[in-house]
Amino acid sequence: MSFGPPPTPYNVPGPDASAGPPPRTGRRRAAVGAVVAVVLVALAAGVWEFGPGGAGGGSAPDARAAAVRQAPDDIRETVEKRPPSPEGTAAMSYEETLRIVGQNVSAMGTWATDKVFAKGFGNEIKGFRLGGSEASEIAWRLTLPGPLCAVTRHVSVDGRTAIAYAGEGEDEGGGDSEDGDAAGGPDADPLTRACDRLAVFDIDTGKKMWDTRLAGAGSSLAVNVTMTDGTVVTAWGEGSAAYELTGGKRLWADTDPSACADEGFAGGPDLLALLSCGDSADPTYRVQKIDPRTGDPEWTYRVARGVQGVYLVSSSPAVIAVAAGDVVVTDLISLDERGKRRATIRLNRDHQVLDCDRTFSAMVESCGAIVVDDERLYLSEEDHIVAHDLATGRTAGKFDAPAGGEMHPLKMSGGKLIAYRPGRGLGRPDAVVALDPESGEETLLLLFAGGAEVSALDDPAQNDIVYEHGRVFFAARTVVGPYNEGEVGGTDQVAVGIESAG
């Protein structure tokens, strides 16, 4: 059903095969116990075509679904509230200046709670206060002896997340690295340093809750980290292990040689594993749903031969991305509760933002520009967000951006899709909106003049865009140094955040 454009709310100024569950890999398992202040101006509203129902008058994005009660160590599923005012103002700004020619610093890791925004940069994580008179001040620093080499986007209900880093041969106890020497410094290259330590820290305080050495990962350069309810899981090519989120007790480890290797895991409500089997030059792939407490497989999906790469888009419902006969993603595949293929979504690769392939990264839980709910999958395509039915693979509707614009899905929130609309070059402000897939209704959450700070960081295929507790954050994944002596690096804005002025 097609809906016409809604009334403008303000005066607008001008311009396969599946099988399962065999033993997971044939291995023996060891169980071991803006800088902006804006005046609210009009935004030309988008056009939608979505499902049955009619356009409505703007209920809060959490009006239909309340948050399910969660345990402190569950993966959070924030249900966003409509801000008191959509007028946007600066929440925080973080800059770094690089002066060494050719120096590129990894800035992996972007997290936020209602109190603190945290950002990784080289061998440091900095926390910035949010709200109140001390907003944008540095609340804490967590300095590590070596660079960050793996992070997860998942955060627990009580505000914890997991990281991996190069430990420079620390003892098993790990110690408090806040007082440690920043060996290698922020310009250290995580691609040439063994990634051998795993830690969980509290985003609000910057305190490491626990820290452990990854046995068997001392020579590994490629480590993958994720979280599911109550559990942190990591893989390093030649092995994998799981730990209790609270306390760090190791639950299981898998380090025995096998014909199949753990490429990595995807967390969230469930846990998926990606395995590569056979010849490393021409592997075959399997996807398994894993019991996070035991490491045992619940089902196995065998990816068709000839696929060049596999990425884990979502654990629940299970969705994978495959590069079939090519090096870029060609298809998305939804799986049912028994690990059998439900539908295949064929992609138009020229006009879609997927963010699956992270160069020189061990991440398999990527495709961050794709958002999945219980029934649909959402991705941006040219000037709209398109939805696909997970049961059939067919197009299930779309949300259109204003003429000439873009729109990108960010996350689900209580049955609504949170999306970002950049206004760069169009004479319009940027906007964050909540979209209702059932009715087609759009609710304005934030409206702001992003300026150069935001436009340098708002490409979802190159940077992190996080919406959490009514604020939107734009953050670099890599900061680039100067090209010539005496010049300041061209990209020194590491992150910027926007919140409601109300």
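Three disulfides are present in the structure, a disulfide being a pair of cysteine sulfur atoms within 2.5 Å. The structure is a predicted model, in which local features need pLDDT of at least 70 and side-chain atom pairs count only at pLDDT 80 or more, while totals for chains, interfaces and linings use all residues. Residues are numbered from 1 along each chain as its sequence is written, and side-chain values use heavy atoms, with hydrogens and water left out.

The secondary structure of the protein consists of one helix and 38 strands; helices (H or I, at least four residues) and strands (E, at least two) are DSSP runs, numbered from the N terminus. The protein has 502 residues, of which 55% are buried. Buried denotes under 20% relative accessible area and exposed over 50%, with partly exposed in between (1.4 Å probe, protein chains only). The accessible surface of the protein amounts to about 20100 Å², and carbon and sulfur atoms contribute 48% of this area. Accessible areas were obtained by the Shrake-Rupley method with a 1.4 Å probe, and for residues only the protein chains shown count as cover.

When bonded cysteines are counted along the chain, the disulfides follow the pattern 1-2, 3-4, 5-6. One of the disulfides joins cysteine 149 to cysteine 195, with an S to S distance of 1.8 Å. Its link is right-handed, with 75 degrees about the S-S bond. Cysteine 149 belongs to strand β10 (residues 148-151), whereas cysteine 195 is located in the loop between β11 (160-165) and β12 (197-202); the pair therefore ties together parts that are 46 residues apart in sequence. Cysteine 149 and cysteine 195 are both buried.

A disulfide also connects cysteine 260 and cysteine 277, at an S to S distance of 2.1 Å. The link of cysteine 260 and cysteine 277 is right-handed, with 110 degrees about the S-S bond. This pair links distant parts of the chain, with cysteine 260 in strand β18 (residues 260-266) and cysteine 277 in strand β19 (residues 272-277), 17 residues apart. Cysteine 260 is buried at 5% relative accessibility, and cysteine 277 is buried with a relative accessible area of 7%.

In the disulfide formed by cysteine 356 and cysteine 367, the sulfur atoms are 2.0 Å apart. The link of cysteine 356 and cysteine 367 is right-handed, with 115 degrees about the S-S bond. Cysteine 356 and cysteine 367 are eleven residues apart, and both are found in the loop between β26 (352-353) and β27 (371-372). Cysteine 356 is buried, with a relative accessible area of 4%, and cysteine 367 is likewise buried, at 1% relative accessibility.

Strand pairing was examined for β20 and β21. Two strands pair if DSSP finds at least two bridges between them. Strand β20 (residues 284-290) and strand β21 (residues 297-302) run antiparallel and are joined by five bridges. Within this pairing, arginine 286 stands opposite arginine 302 of β21. The two strands form a hairpin with six residues between them, and glycine 295 in the turn has a positive phi of about 85 degrees.

Side chains of opposite charge can pair when their charged atoms come close. A salt bridge is defined as a side-chain nitrogen of Lys or Arg within 4 Å of a carboxyl oxygen of Asp or Glu, and by this rule the count is 20 salt bridges. Among them, glutamate 124 and arginine 141 meet through their side chains, with an N to O distance of 3.7 Å. Glutamate 124 lies in strand β8 (residues 124-129) and arginine 141 in strand β9 (residues 138-143), so this salt bridge ties together parts that are 17 residues apart in sequence. Glutamate 124 is buried, with a relative accessible area of 17%, whereas arginine 141 is partly exposed at 43% relative accessibility.

The side chains of lysine 208 and aspartate 211 also form a salt bridge, at 2.5 Å from N to O. Lysine 208 is buried, with a relative accessible area of 6%, and aspartate 211 is buried, with a relative accessible area of 12%.

A salt bridge is likewise found between glutamate 468 and lysine 411 (3.2 Å, N to O). The pair links distant parts of the chain, 57 residues apart, with glutamate 468 in strand β35 (residues 463-468) and lysine 411 in strand β31 (residues 408-413). Glutamate 468 and lysine 411 are both buried. Arg76, Glu80, Lys411 and Glu468 are joined into one network by salt bridges that share partners.
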